[in-house]
Amino acid sequence: MAHQYSYSCHGMSIVSEFMLDEVTLGAGTGPFAHIAIADVPLRLARPSIEGAFFQASRTSFLLNVPNVARFLVSDGCRIDVAPESKSTFFRQFLYGAPMAALLLQQTRLVLQASAVRTEHGALLLLGRPASGKSIVATALHSAGFPLISDDLCVVDPSAKSLLPGPRFHWLWQHDVERLDLTKKASRVRPDVDRYFVPLAPQATDPIPIFAICVLDAWNDAIARVVPLSGAAKSGGLIGNLYHRSVLETCYAPSEYLQRISALFGVPIYKLWCPRKSRSLAATIDELCNRLNL
């Protein structure tokens, strides 16, 4: 019989057949999910949508990460993993799209965001891939604002709170070198300059959301933080839902619009990040000064 480990993650209680070093040990509350090593098909029988490496329907999500693993997410309660024989990195990928699909099948609100803990509550950094949210979150972590989540944030909209999950940095090679994390980082695939830096697990109690920043790049030499309102505020949130194409197979647009509208009362800002910034510290200083951190 396979070993079984109990964890608390993103407001779920998870039982896994392998260890999840970045997730908090101990049974949680909320929905139950099981993670197992198992055979995974090459295709879904009737996918509603397909991408280069995934297929999805209302209750199933299949992800194939070449030379790493295939993941099958089913009914909001199970993730089956079929690792490649030489792969040791499938756990890192599990925390991304497969975990997001599991949560979306439960009709949770999942944002493409990183988050840090401040004395006022959680600060969410929303942004599309390569927008800079991971390096800004990592720099804030180094400045004394502990990282809560990188790339994927699960929100309880009714309580305006963040539900913590696995804890790690997920960075490109130049950012790992820039932040002097090379000794702690593991390359996730031989052919990709993306690195995984594990952190110790964290408490899983919900954290009130203090503020949200939507990241974007511009050509100015300095960073700028400006408040958003009206359509810009709602657009910033809706534009950063996690894998919207997959989300729309899981529940109707009217449902997630209703859920995300509960966050409109949270202060939301645009963080303009210089494309060729000479100083990441200056960006962090601007953010801290404007938000009184």
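Which are the buried residues of α2? I started my notebook with that one, and the answer is Ala97, Pro98, Met99, Ala100, Ala101, Leu102, Leu103, Leu104 and Gln105.

**Ground rules**

I am working with a predicted model, where local features need pLDDT of at least 70 and side-chain atom pairs count only at pLDDT 80 or more, while totals for chains, interfaces and linings use all residues. Residues are numbered from 1 along each chain as its sequence is written, and side-chain values use heavy atoms, with hydrogens and water left out.

**Entry: helix α2**

I looked at how enclosed α2 is. Helix α2 covers residues 97–105, and 9 of its 9 residues are buried, so the rest of the structure largely encloses it. I use "buried" for under 20% relative accessible area, "exposed" for over 50%, and "partly exposed" for what lies in between (1.4 Å probe, protein chains only). After α2 I found threonine 107, which has a positive phi near 60°.

**Entry: the whole chain**

I counted 8 helices and 20 strands in the protein chain; these are DSSP runs numbered from the N terminus, helices being H or I with at least four residues and strands E with at least two. Next I checked the radius of gyration, taken over C-alpha atoms, against the globule rule of 2.2 Å times the number of residues to the power 0.38. The protein chain has 18 Å, which agrees with the value near 19 Å for a compact globule of 293 residues. Along the principal axes, the C-alpha atoms fill a box of roughly 55 × 45 × 35 Å.

I noted that buried residues make up 55% of the 293 residues. For contacts (heavy atoms within 4.5 Å), I took those with a separation of 6 or more, and residues 24 or more positions apart account for 63% of them.

**Entry: surface and charge**

I got an accessible surface of about 13200 Å² for the protein chain, with 52% belonging to carbon and sulfur atoms. The areas come from the Shrake-Rupley method with a 1.4 Å probe, and for residues only the protein chains shown count as cover.

How far apart are the mean positions of the positive and negative charges? I found 4 Å, for 28 positive and 24 negative charges. Lys and Arg count as positive, Asp and Glu as negative, and His and the chain ends are not counted; each charge is placed at NZ of Lys, CZ of Arg, CG of Asp or CD of Glu.

**Entry: cysteines**

I searched for disulfides, meaning pairs of cysteine sulfur atoms within 2.5 Å, and the structure holds 0. For cysteine 9, the nearest cysteine sulfur is that of cysteine 153, 12 Å away. For cysteine 273, the nearest is that of cysteine 213, 9.0 Å away. Cysteine 273 counts as buried because its relative accessibility is 10%.

I stayed with cysteine 9 a little longer. Cysteine 9 is buried too, at 0% relative accessibility, and sits in strand β1 (residues 5–9). Its C-alpha atom is separated by 4.6 Å from that of glycine 165, 156 residues apart along the chain. Leaving out residues up to four places away in sequence, cysteine 9 touches Ile14, Val23, Met99, Pro164, Gly165 and Pro166. Met99 also appears in my list of buried α2 residues.

**Entry: positive phi**

I looked up two more residues with positive phi. Aspartate 75 has phi near 60° and lies in the loop between β8 (69–74) and β9 (78–83). At 53% relative accessibility, aspartate 75 counts as exposed. Asparagine 292 has a phi of about 55° and is found in the segment after α8 (280–291). Asparagine 292 is exposed as well, with a relative accessible area of 60%.
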